[in-house]
Amino acid sequence: AEDVWLEESQHLLGEPVGSVWLTPQQVARKVGLSYENFRKQFAQRTGVAPGQFQKVRRVERACAAIYQGSHGFKELAEELGFCDVFHFSKVFKQVVGDTPSEFRKRVRGQ
């Protein structure tokens, strides 16, 4: 029962609230912890910092959308809360190892 905050914070970091992605600082406030305490506790229990956890979740959603072929990269970047398509592409490559274009070609067998 004591880790309810952890489940809630993983949900809040991994899913947009409406169309807005909460920052790790906002999530800390929502679960009633100071940001420093939240960051330390989250990293201790999951092995990754809250910001990294969120980055990976957003890129996983991008991978699914690219695989389904339902979005353009600009639209996807906006939907996932990246400031622009260049930042999205950079973060995507950090997490996946491919650019979004390379990933799309690979998953479509081209």
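This tour moves through a predicted model, from the whole chain to its ring pairs, helix contacts and a few single residues.

**The whole chain**

Begin with the full protein chain in cartoon view, where the secondary structure comes to seven helices and zero strands, so that the order of elements from the N terminus reads α-α-α-α-α-α-α. Taken along the principal axes, the C-alpha atoms fill a box of roughly 50 × 25 × 25 Å. If you colour by accessibility, buried residues make up 31% of the 110 residues. Among contacts between residues at least 6 apart in sequence, 50% join residues at least 24 apart.

**Helix 1 and what covers it**

Select helix 1 next and show its side chains: Trp5, Leu6, Ser9, Leu12, Leu13 and Gly14 are buried there. What covers these buried residues includes helix 2 (24-30), helix 3 and helix 4.

Keep helix 1 in view and add helix 3, whose axis lies 11 Å from that of helix 1, the two packing at an angle of about 95°. Because of that angle, helix 1 is roughly perpendicular to helix 3. On the helix 1 side the contact is made by Trp5, Leu6, Ser9, Gln10 and Leu13, and on the helix 3 side by Phe38, Gln41, Phe42, Arg45 and Thr46. By residue class, this contact divides into five nonpolar, four polar and one charged.

**The aromatic cluster**

Now display the aromatic side chains, among which the structure holds six pairs. Start with Trp5 and Phe38, whose ring centres are 6.1 Å apart and whose planes stand at 70°, so the pair is edge-to-face. Since Trp5 lies in helix 1 (residues 4-14) and Phe38 in helix 3 (residues 35-46), the pair ties together parts that are 33 residues apart in sequence. Both partners can be checked in a surface view: Trp5 counts as buried at 14% relative accessibility, and Phe38 counts as buried at 0%.

From there, select Phe42 and Phe53, where the ring centres are 5.3 Å apart and the planes are at 75°, which means that this pair is edge-to-face. The pair links distant parts of the chain, with Phe42 in helix 3 and Phe53 in helix 4 (residues 50-68), eleven residues apart. Phe42 counts as buried at 0% relative accessibility, and Phe53 is buried with a relative accessible area of 8%. Showing the four residues together gives the wider picture, as ring pairs link Trp5, Phe38, Phe42 and Phe53 into a cluster.

**Arg58 and two rings**

Centre the view on Arg58 and add the rings of Trp21 and Phe82. The charged end of Arg58 sits over the ring of Trp21, 5.7 Å from its centre. Arg58 also lies over the face of Phe82, at 4.2 Å from the ring centre.

With Arg58 still selected, bring in Pro16, whose C-alpha atom is separated from that of Arg58 by 9.3 Å, although the two residues are 42 apart along the chain. Pro16 lies in the loop between helix 1 and helix 2, and at 23% relative accessibility Pro16 counts as partly exposed. Not counting residues up to four places away in sequence, Pro16 touches Trp21 and Arg61, and Trp21 is the residue whose ring lies under the charged end of Arg58.

**Leu12**

Return to helix 1 and select Leu12, which counts as buried at 11% relative accessibility. Leaving aside neighbours within four places in sequence, Leu12 is in contact with Val17, Leu22, Val27 and Lys30. For a backbone view of this region, draw the distance between the C-alpha atoms of Leu12 and Pro24, which are twelve residues apart along the chain and separated by 8.9 Å.

**Helix 6 against helix 7**

Finish at helix 6 (residues 85-96) and helix 7 (residues 100-107), whose axes come within 9 Å and cross at roughly 55°. That crossing angle makes helix 6 oblique to helix 7. Show side chains on both helices: Phe88, Ser89, Phe92, Lys93 and Val96 in helix 6 meet Pro100, Glu102, Phe103 and Arg106 in helix 7. The residues of this contact divide into five nonpolar, one polar and three charged.

Note on methods
Residues numbered from 1 in each chain as written. Predicted model: local features only at pLDDT ≥ 70, side-chain atom pairs only at ≥ 80, totals over all residues. Heavy atoms only, no water. Phe/Tyr/Trp six-rings, centres within 6.5 Å; stacked < 30°, edge-to-face > 60°. Helix = DSSP H or I, 4+ residues; strand = E, 2+ residues; numbered from the N terminus. Buried < 20%, exposed > 50% of the residue type's maximum accessible area, 1.4 Å probe, protein only. Lys NZ or Arg CZ within 6 Å of the ring centre and 35° of its normal. Axes fitted to C-alpha atoms, helices over the stretch in contact; angles between N-to-C directions. Parallel < 35°, antiparallel > 145°, perpendicular 65-115°, else oblique. Contact = heavy atoms within 4.5 Å. Nonpolar A, V, L, I, M, F, W, Y, C, P; charged D, E, K, R; others polar.
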